[in-house]
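Student: I should like to learn how to read the features of a protein model step by step. May we begin with the metal site and then proceed to the other parts?

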Amino acid sequence: MTFSLPELPYAYDALQPYMSKETLEFHHDKHHKAYVDTGNTLLQGSELEGKSVEEIVKASYGKNQPLFNNAGQHYNHIHFWQWMKPNGGGAIPGSLEKKIGDELGGVEKFKNDFIEAGKTQFGSGWAWLAVKNGKLEIMKTPNGENPLVHGASPILGVDVWEHSYYIDYRNRRPDYLKAFIDNLVNWEHVEKMLSEAKV
Ligand code: MN3
């Protein structure tokens, strides 16, 4: 099988009270697993079988929509779990903080603009902090799409599909986004992805 479901990097109840055990059980065990299983079924016998997740995302974009939807969501969720940690949020590592200051107008403005991107993504999708041509950029995408197919490298993303917040926040997407940025983000993983960004 090309795709496999990663374990969560923390216990199911480790992100409470900001994200509940029940949300993570549904989101990881049901939703992410479904993208993995459907993606593997769609890959069977195709020329993309055995390629990396990134390669499959880029190669299927605009060509094989069902495969792209599942491969994109698999990629997004692999990182989404790692973009959070218990006692997250807090201070942004110095080099990343400086880049945010230089390119996005400072940490407060960045946080507000990131939350705004998530609030204004109509329907299902994601809000992103990405690197494009060496510069930070805030983006938003519908459904399973991500910055990889727009010539950028994602370094932080937040899932704004209702399955990510409805159990804990009901329709209050802005409250979920604020909790994510203030209390859940694993900035060390963001910094690591910045150092590995290819564009
Ligand atoms: Mn999701």
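Student: How are the donor residues of the manganese ion spaced in sequence?

Tutor: Please keep in mind that this is a predicted model. A spacing pattern is read from left to right, with x standing for the residues between donors. Here the pattern is H-x49-H-x81-D-x3-H. The protein donors are H27 (NE2), H77 (NE2), D159 (OD) and H163 (NE2), and they lie 2.0 to 2.2 Å from the manganese ion.

Student: Are D159 and H163 buried or exposed?

Tutor: The value to consult is the relative accessible area, and a residue under 20% is called buried. D159 counts as buried because its relative accessibility is 0%. H163 counts as buried as well, since its value is 16%.

Student: Which residue is the bridge partner of D159?

Tutor: One looks across to the neighbouring strand. The bridge partner of D159, a residue of strand 3, is W126. D159 therefore has two roles to note in this reading: it is a buried residue, and it is also a donor of the manganese ion.

Student: In what order do the strands of the sheet lie?

Tutor: The order is read across the sheet rather than along the chain. This open sheet of three strands has the order 2-1-3, and its pairing is antiparallel. Strand 2 and strand 3 are the edge strands, each pairing on one side only. On average, neighbouring strands are turned by 20 degrees against each other, direction ignored.

Student: How many bridges join strand 1 to each of its partners?

Tutor: Each pair is examined in turn. Strand 1 (residues 125-132) is joined to strand 3 by six bridges, and L129 stands opposite L156 there. Eight bridges join strand 1 to strand 2, where A127 stands opposite K140. As for covering, seven of the seven residues of strand 3 (residues 153-159) are buried.

Student: What should I look for in the turn between strand 1 and strand 2?

Tutor: One may consider the length of the turn and its backbone angles. The two strands form a hairpin with two residues between them. N133, in this turn, has a positive phi of about 50 degrees although it is not a glycine. N133 is exposed, as its relative accessible area is 67%.

Student: Where is N87 found, and what is its phi?

Tutor: N87 is in the loop between helix 3 and helix 4 (94-104). It is not a glycine, yet it has a positive phi of about 55 degrees. With 77% relative accessibility, N87 counts as exposed.

Student: How do helix 2 and helix 3 cross?

Tutor: A crossing is described by distance, angle and handedness. The axes of helix 2 (residues 53-60) and helix 3 (residues 65-82) come within 9 Å and cross at roughly 145 degrees. The crossing is left-handed. Among the residues that meet are V53, I56 and V57 in helix 2, with L67, F68 and I78 in helix 3. The residues of this contact divide into eight nonpolar, three polar and one charged.

Student: Which residues does V149 contact, leaving aside its neighbours within four places in sequence?

Tutor: Contacts between parts far along the chain show how the chain is arranged in space. V149, in the loop between strand 2 (135-142) and strand 3, is in contact with V57, K58, Y61 and F68. V149 and G62 are 87 residues apart in sequence, and their C-alpha atoms are 9.5 Å apart. V149 counts as buried, because its relative accessibility is 17%.

Conventions:
Residues are numbered from 1 along each chain as its sequence is written. This is a predicted model: local features need pLDDT of at least 70, side-chain atom pairs count only at pLDDT 80 or more; totals for chains, interfaces and linings use all residues. Side-chain values use heavy atoms; hydrogens and water are left out. Buried means under 20% relative accessible area, exposed over 50%, partly exposed in between (1.4 Å probe, protein chains only). Helices (H or I, at least four residues) and strands (E, at least two) are DSSP runs, numbered from the N terminus. Two strands pair if DSSP finds at least two bridges between them. Axes are lines fitted to C-alpha atoms, for helices over the stretch in contact, and angles run from 0 to 180 degrees between N-to-C directions. A crossing is left-handed if the near helix is turned anticlockwise from the far one by less than a right angle, and right-handed if clockwise. Contact means heavy atoms within 4.5 Å. Ala, Val, Leu, Ile, Met, Phe, Trp, Tyr, Cys and Pro count as nonpolar, Asp, Glu, Lys and Arg as charged, and the others, Gly among them, as polar. Donors are N, O and S atoms within 2.8 Å of the metal (3.2 Å for Na, K and Ca); water is not among the atoms, so sites may look incomplete.
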